[in-house]
Amino acid sequence: MAKSVEDLPYIPLMSESSAVNKTGVWRVIRPIVNQEECNQCYTCWKFCPDVAIQIDEEGNILIDYDHCKGCGICEAVCPKNCIEMVKEE
Amino acid sequence: MIQIRFHGRGGQGSVVASNILAAAAFLEEKWVQSFPFFGVERRGAPVTAYTKIDDKPIWDRSEITEPDYVIVLDASLVAVVDVTHGLKENGMVLLNSESKPEDIELGDGFRIATVDATEVAVAHGLGSKSAPIVNSAILGAFSKASGEVDIKSLEASILKMAPAKHKENAAAALEAYEKVQF
Amino acid sequence: MPMDVMTGNSAQAYGAKLARAEVVAAYPITPQTTVVEKLADLVASGEMKSQYIKVESEHSAMAACIAASATGARAYTATAAHGLALMHEMLIWAAGSRLPIVMGNINRAMAPPWSVWADYQDSIAERDTGWMQFYCQNNQEVLDTVIQAYKVAENHDILLPAMVMEDAFYLSHTFEPVDVPPQKDVDDFLPPYDPPIKLDVDNPVGLWALVPPDHYMEFRFKIAKAMEDSRKVIQEVDEEWEKKFGRSHGGLVERYRMEDADAAIIAAGTMSSTARVAVDNMRDKGKKVGLARLRVFRPFPYEEIRQIAKEVDSIGVLDRSYTFGHGGAFYTETAGALYQAPERPHVKNYVIGIGGRDIPPKEIEGILEKVLSKEDGGEVEWWGLRTSGSREVN
């Protein structure tokens, strides 16, 4: 809802990081990682424009579906072709 | 208000001279203002600078058109620049020249003083024969010829403000103080 | 050193040093160069504790100041003419971000034709960026105003950047006496910068993000409101300065011999210093004239100008720049303020001193005579323009 001039701070301010914006809802196709084929080169991790690819303790790739917008860059850059974009249901 | 106009060539130190003179008068508790007319200030090109000295704050910031004194750091400028333009009746021109004042022909209605500031500067190792830095010497001569600022104040401000060779510059001022003819 | 002789550019540098500017980012340009040379000397010698950032352009200088100020550091820069123009985008960014950066601008004419001499075209072209603008008339005012400007700018009701103007050569390279106040007294006057919101790695925030039409207007209104409120703060800060240091610079508009004046001129910068001599000469002849010095152009002191309009029958506005509309900026804004005023005196614009053309007292006396007579026709006149019919063509 629109705020009044009195209620707004003196500059546009987000008091939390942009992680609060759950951009995952924008997604129409989702990346699925074939963990058997993945050799953990992390090329996808470097290229993801939304920092939505994480690495777990064992070194496996994890997709943060709360923030992944489904752009498909990870699929395009994967040298092993082990990421596949599938239609959201 | 006493108004002094400097004529020199780029590299001779006219602008620094106008500032050192102002600083010397300031030491005598005067109000001062000095500034260059910033032209194409390249080595050898004609340069003009101004110093104003008064007992009260100086509000007029315009250029000096009717000086009480004109200081010419290079006598050859006389052929190129109208150095006495606007000079007040009975004002004074101080020239860096080997000639005696009575041999200088610049016109009537004002006094002439001369000093061989080039010889003095070179003797003190200030610049070279082709490009002597004569500003400290000519200021020493101005102190004696005009009586407007004490040589002691001048010496103090040279020692504080000369960009290099402080002692040599002060010594040059003292020597020119003794040698000026008027 | 309580009293010393120094140039206006040294006075800028000492102002920044006394204000304890923590970050200096600047790029040299005539006639500003000696400001940054002096600051570089002061930082290199350890006399001034500051981060000196070398940059490759004025646009980058302002970008660095914005970043520094956003983290809560007091930032300073200086420029002139084309350097200021190159900063244009970043000037708007600094003001919109509400960062109290202080910048010296050594007023120099814009090319072409190429010029290094004084006029106000550079800063007038930036009047709508949201920066406060102070125009100084002597080196003492330059030093004092740099410190005052931080105090105004950092006030939590204001939070706007400020330019402190000096006329090229007429102040920048002019030696004259300046009283340098003790650091301790300046520290008492100007506490450390403490912004309400800042970038801090321990408490991350996102600033200045995209604002949709729902709220953009409200944020811009806040800048306008802060600028309006700064009129009172500038006045108060100058009064506080006078109490502490014994000299005032006139707040927004400095009045000189305005008592019982029939006519007045409005002018700024060094020409208003010279204008005092012209006013004195006219008063000696029994002519009732006065001077209103526009010390501040942003915020615009419309109330002070309406007050002057109540007191005199005729006003001449002297502009050292031109808008390429209908007159100089000081004139158009004066005329704009007076249209809504109950009293509207005769007002005429004199465009003068463009590109550093010297302004001796007799020229201003000539204008004062015309203003006093009220018989001077036309609205805008380029005073002293050399035409084939003018009296003195060199």
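Visitor: Before I count anything in chain C, what counts as a helix or a strand here?

Guide: Helices and strands are DSSP runs, of at least four residues for a helix and at least two for a strand. They are numbered from the N terminus. This is a predicted model. In it, chain C has twelve helices and 16 strands.

Visitor: How compact is chain C for its length?

Guide: Compare its radius of gyration with the globule rule. For chain C the radius of gyration is 21 Å, close to the 21 Å that the rule gives for 394 residues, so chain C is as compact as a globular protein of that length. Its C-alpha trace spans about 70 × 50 × 45 Å along the principal axes.

Visitor: What share of the residues of chain C count as buried?

Guide: Of its 394 residues, 53% count as buried. Contacts add to the picture. Take those in chain C with a separation of 6 or more: 80% of them come from residues 24 or more positions apart.

Visitor: Which domains does chain C have?

Guide: There are domain 1 (3–245) and domain 2 (253–382). Their centres, taken over C-alpha atoms, are 27 Å apart. In the contact between them, 27 residues of domain 1 of chain C meet 20 residues of domain 2 of chain C.

Visitor: Which elements of domain 1 of chain C give two or more residues to the side that touches domain 2 of chain C?

Guide: They are helix 5 (121–124), strand 6 (132–135), strand 7 (162–167) and helix 8 (213–245) of chain C. Helix 8 of chain C gives the most, with five residues. By class, this side of domain 1 of chain C has 16 nonpolar, six polar and five charged residues.

Visitor: Now a single helix. Is helix 1 of chain C enclosed or open?

Guide: Start with a general idea. An α-helix has 3.6 residues a turn, so residues three or four places apart point the same way. Now the case here. In helix 1 (residues 8–18) of chain C, eleven of the eleven residues are buried, so this helix is largely enclosed by the rest of the structure. Among the buried residues are Asn9(C), Gln12(C), Tyr14(C) and Lys17(C).

Visitor: What happens just after helix 1 of chain C?

Guide: Look at Arg20(C). This residue takes a positive phi of about 55°.

Visitor: Which pair of chains shares the most contacts?

Guide: Two pairs of chains are in contact, and chains B and C share the most contacts. Here 18 residues of chain C meet 17 residues of chain B. On the chain C side, strand 8 (176–179) and helix 9 (270–284) each give two or more residues. The largest share, five residues, comes from helix 9 of chain C. By class, this side of chain C has ten nonpolar, five polar and three charged residues.

Visitor: How many residues do chain A and chain C each give to their contact?

Guide: Chain A gives twelve residues and chain C gives 17. The side of chain A that touches chain C has eight nonpolar, three polar and one charged residues. Strands pair here too. Strand 1 (residues 13–14) of chain A runs antiparallel to strand 9 (residues 206–207) of chain C, joined by two bridges. Met14(A) has Gly206(C) as its bridge partner.

Visitor: How far apart are the closest C-alpha atoms of chain A and chain B?

Guide: They lie 42 Å apart, and no contact joins these chains.

Visitor: Which strands pair with strand 3 of chain B?

Guide: First, how a strand is built. In a regular strand the side chains alternate between the two faces of the sheet. In chain B, strand 1 (residues 2–9) runs antiparallel to strand 3, with eight bridges. One bridge pairs Gly8(B) with Val47(B). Strand 2 (residues 31–37) of chain B also pairs with strand 3 in the antiparallel sense, over seven bridges. There, Phe35(B) stands opposite Tyr50(B). Strand 3 of chain B is mostly covered, with seven of its nine residues buried.

Visitor: Is Glu66(B) buried or exposed?

Guide: Count the C-beta atoms around it. A residue is exposed if 12 or fewer others lie within 10 Å. Glu66(B) has 12, so Glu66(B) is exposed. This residue sits in the loop between strand 3 (46–54) and strand 4 (69–72) of chain B.

Visitor: Which residues does Glu66(B) contact, leaving aside its neighbours within four places in sequence?

Guide: Glu66(B) is in contact with Gly86(B) and Lys88(B). Thr84(B) is 18 residues away along the chain, and its C-alpha atom is 9.3 Å from that of Glu66(B).

Methods
Residues numbered from 1 in each chain as written. Chains lettered and ligands numbered in written order. Contact = placed C-beta atoms within 7 Å. Nonpolar A, V, L, I, M, F, W, Y, C, P; charged D, E, K, R; others polar. Rg over C-alpha atoms; globule rule 2.2 N^0.38 Å. Buried ≥ 20, exposed ≤ 12 C-beta atoms within 10 Å, placed from the backbone. Pairing = 2+ DSSP bridges. Domains from an automatic or database assignment.
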